[in-house]
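Let's walk through this structure together, with an eye on its charged side chains. Have the sequence and the 3D view side by side as you read.

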Amino acid sequence: MDGGDGSADLVINKRFVSEAELEERRKRRQEEWEKVRKPEDPEECPEEAYDPRSLYERLQEQREKKQQEFEEQFKFNMNEMKTRFLQMFEFLVL
């Protein structure tokens, strides 16, 4: 199944990041930061925010936010439709 080329080991090993790789990423981020940094910004590149939640939890939160936004929009549209209906009804009664 493996074919002897070691590709299965490569996939498994890529889940782990060595300290050297992390340091290289920090250096690249610092170099990029230096290119866009303004005089009032700190010299050190700000650290990336760490979110300990699982990917599922983060995606679930995004889905819930989108659902709430959709429901708010729908609620607004329903209120607008009710208002128009009542205005038409008042016009017909008068």
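A good place to begin is the pair Arg53 and Asp51, whose side chains form a salt bridge with 2.7 Å between nitrogen and oxygen. Keep in mind as you look that this is a predicted model. How exposed are the two partners? Arg53 has a relative accessibility of 31%, so it counts as partly exposed. Asp51 comes out at 28% and is likewise partly exposed. Behind a pairing of this kind lies a simple idea: side chains of opposite charge can pair when their charged atoms come close.

Now move along the chain to Lys65 and Glu61. Their side chains also meet in a salt bridge, this time at 3.8 Å from N to O. That distance still counts because the cut-off for a salt bridge is 4 Å. What separates these two residues along the helix? Both belong to helix H3, which covers residues 55-93, and because they sit 4 residues apart in it, about one helical turn lies between them. Lys65 is partly exposed, at 46% relative accessible area, and Glu61, at 30%, is partly exposed too. If you highlight the charged groups here, you can trace one network: salt bridges with shared partners link Asp51, Arg53, Glu61 and Lys65.

Next, turn back towards the start of the sequence and find Glu19 and Arg26. A salt bridge joins their side chains, with an N to O distance of 3.7 Å. Is each partner exposed, partly exposed or buried? Glu19 has 54% relative accessibility and therefore counts as exposed, since the exposed class begins over 50%. Arg26, at 36%, is partly exposed.

These pairs are part of a wider set, as a search of the whole structure turns up 7 salt bridges.

With those details in place, step back and look at the whole protein. How many helices and strands does it have? There are 3 helices and 0 strands, and reading from the N terminus the order of elements is α-α-α. Of its 94 residues, 2% count as buried, a class that takes in residues under 20% relative accessible area. The protein exposes about 9600 Å² in total, and 56% of that area is supplied by carbon and sulfur atoms.

To finish, you may like to return to helix H3 and look once more at Lys65 and Glu61, about one helical turn apart, and then follow the network from there to Arg53 and Asp51.

Conventions: Residues numbered from 1 in each chain as written. Predicted model: local features only at pLDDT ≥ 70, side-chain atom pairs only at ≥ 80, totals over all residues. Heavy atoms only, no water. Buried < 20%, exposed > 50% of the residue type's maximum accessible area, 1.4 Å probe, protein only. Areas by Shrake-Rupley, 256 points an atom, 1.4 Å probe, with all protein chains shown as cover.
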